[in-house]
Amino acid sequence: MWTKIKWAFRIVAAIFVLGFLHYTLPQHDIVRVTGTYNRLTTVGTENAWAYASPDSGTQESSATRDIRFIETAFPDGDVMVYRNEDTGWIWPPYFKYDSSNLQAEAGNLKSDAANPKWVVVTHYGWRLPILSIYPNAVSLREATGPDERIIPWVSGLVIAFLIFAVFMIRRMWAQFWERSVEPVAAEMEETWDGMEARATGLIGRIKAVFSNKRRK
Amino acid sequence: MFGLLRAGLLAFAILTAVYLLVSLYSRSVRREKLEKAWDSDPDKITADVADREAYIRAGMETYRHGLRRKLIWLVYIIPMVVVLATVYGVNVQ
């Protein structure tokens, strides 16, 4: 029973961590820009987490904001809509404040199906129509072709750093436990043994002396 | 601009906490290494406890002036470089 609960908890935690990483880390799409526009968008409580924080420049503290969007199509014909918002200074840490320039670049790279110009869009986030959320485009550049291979080295570095950080935290915790907690615990145990010995008289005291010796 | 200030203060607070933890850890590891070096030396088993303490104190003094301790400043420097590189990479075409 307890192992099942423990495993359920672990799986839920793993899903949260992986989902968080999948949402936050940069990803690349190769698409064709088909349109760019601004639209007054109402951000509700259910999807505010997937939009820029109110103080990062796109709008100031109102439920409806004017957001830039970039419409695109994949080589296979599927479509994707990106929003194009500043990220602000804290989270997610892309430090993007050139949305206007990015919108101009997107407009400049527009092309039609007959004469496609393939573009690599670096973005983070998810497109979930049910919540009306859009991935945020971070940067654009022209691709060498529709099947250019992109190595996601930023995500690789971030994940490597996170693994290193977890490893270091475990080592630091082990060091703290071994050097600071265990000696105190051992001392307390000795004091306890001593008290016990005093309570049980001479024989107990001799026993306590021997048990202390053994521990050292 | 206020956002930048807030982010800077937050980062400074977090990095200071990391710096303190890492330096405590590094010092603890060095002390343990010194203790083990002394304890595993067969010549020193009979030596005085005071000698052992003096040896460890001298080792820690060397550590205090060493390179390894100064390298912990990278805790502040690396994130700053990463942030500046990100700002540059994302915003400059």
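Tutor: Let's start with what "covers" rests on: two residues are in contact if their C-beta atoms, placed from the backbone, lie within 7 Å. Keep in mind that this is a predicted model.

Student: Good. What covers the buried residues of H2(A)?

Tutor: The cover includes four strands of chain A: S1 (27–42), S2 (64–73), S3 (79–84) and S5 (136–142).

Student: Which residues of helix H2 of chain A are buried?

Tutor: In H2(A), residues 99–108, the buried ones are A:Ser99, A:Leu102, A:Glu105 and A:Ala106. A residue earns that word if 20 or more other C-beta atoms lie within 10 Å of its own.

Student: What puts them on the same side of H2(A)?

Tutor: The arc they cover around the axis is only 120°, so they belong to the same side of H2(A). On the other side of this helix, A:Ser100, A:Ala104 and A:Asn108 are exposed.

Student: Now to chain B. Why is B:Leu71 called exposed?

Tutor: Set its count against the cut-off: a residue is exposed if 12 or fewer other C-beta atoms lie within 10 Å. B:Leu71 has 12 C-beta neighbours inside that distance, and therefore counts as exposed. You will find B:Leu71 in helix H3 of chain B, residues 67–71.

Student: How many residues lie between B:Leu71 and B:Tyr55 in terms of chain separation, and what distance separates their C-alpha atoms?

Tutor: They are 16 residues apart along the chain, with 24 Å between the C-alpha atoms.

Student: How do you know that chain B departs from the value for a compact globule?

Tutor: For 93 residues, a compact globule would have a radius of gyration near 12 Å, but chain B has 20 Å. Along the principal axes, the C-alpha atoms of chain B fill a box of roughly 70 × 25 × 20 Å. As for burial, 0% of the 93 residues of chain B count as buried.

Student: What elements make up chain B?

Tutor: Chain B has four helices and zero strands, which gives the order α-α-α-α from the N terminus on.

Student: How many residues of chain B are in contact with chain A?

Tutor: There are 15 residues of chain B in contact with 17 residues of chain A. Helix H1 (2–39) and helix H4 (74–91) of chain B each supply at least two residues of that side of chain B. H1(B) gives the most, with nine residues.

Student: And what classes of residue does that side of chain B hold?

Tutor: The side of chain B that touches chain A has nine nonpolar, five polar and one charged residues.

Technical notes: Residues numbered from 1 in each chain as written. Chains lettered and ligands numbered in written order. Predicted model: local features only at pLDDT ≥ 70, side-chain atom pairs only at ≥ 80, totals over all residues. Rg over C-alpha atoms; globule rule 2.2 N^0.38 Å. Nonpolar A, V, L, I, M, F, W, Y, C, P; charged D, E, K, R; others polar. Arc of directions from axis to C-beta.
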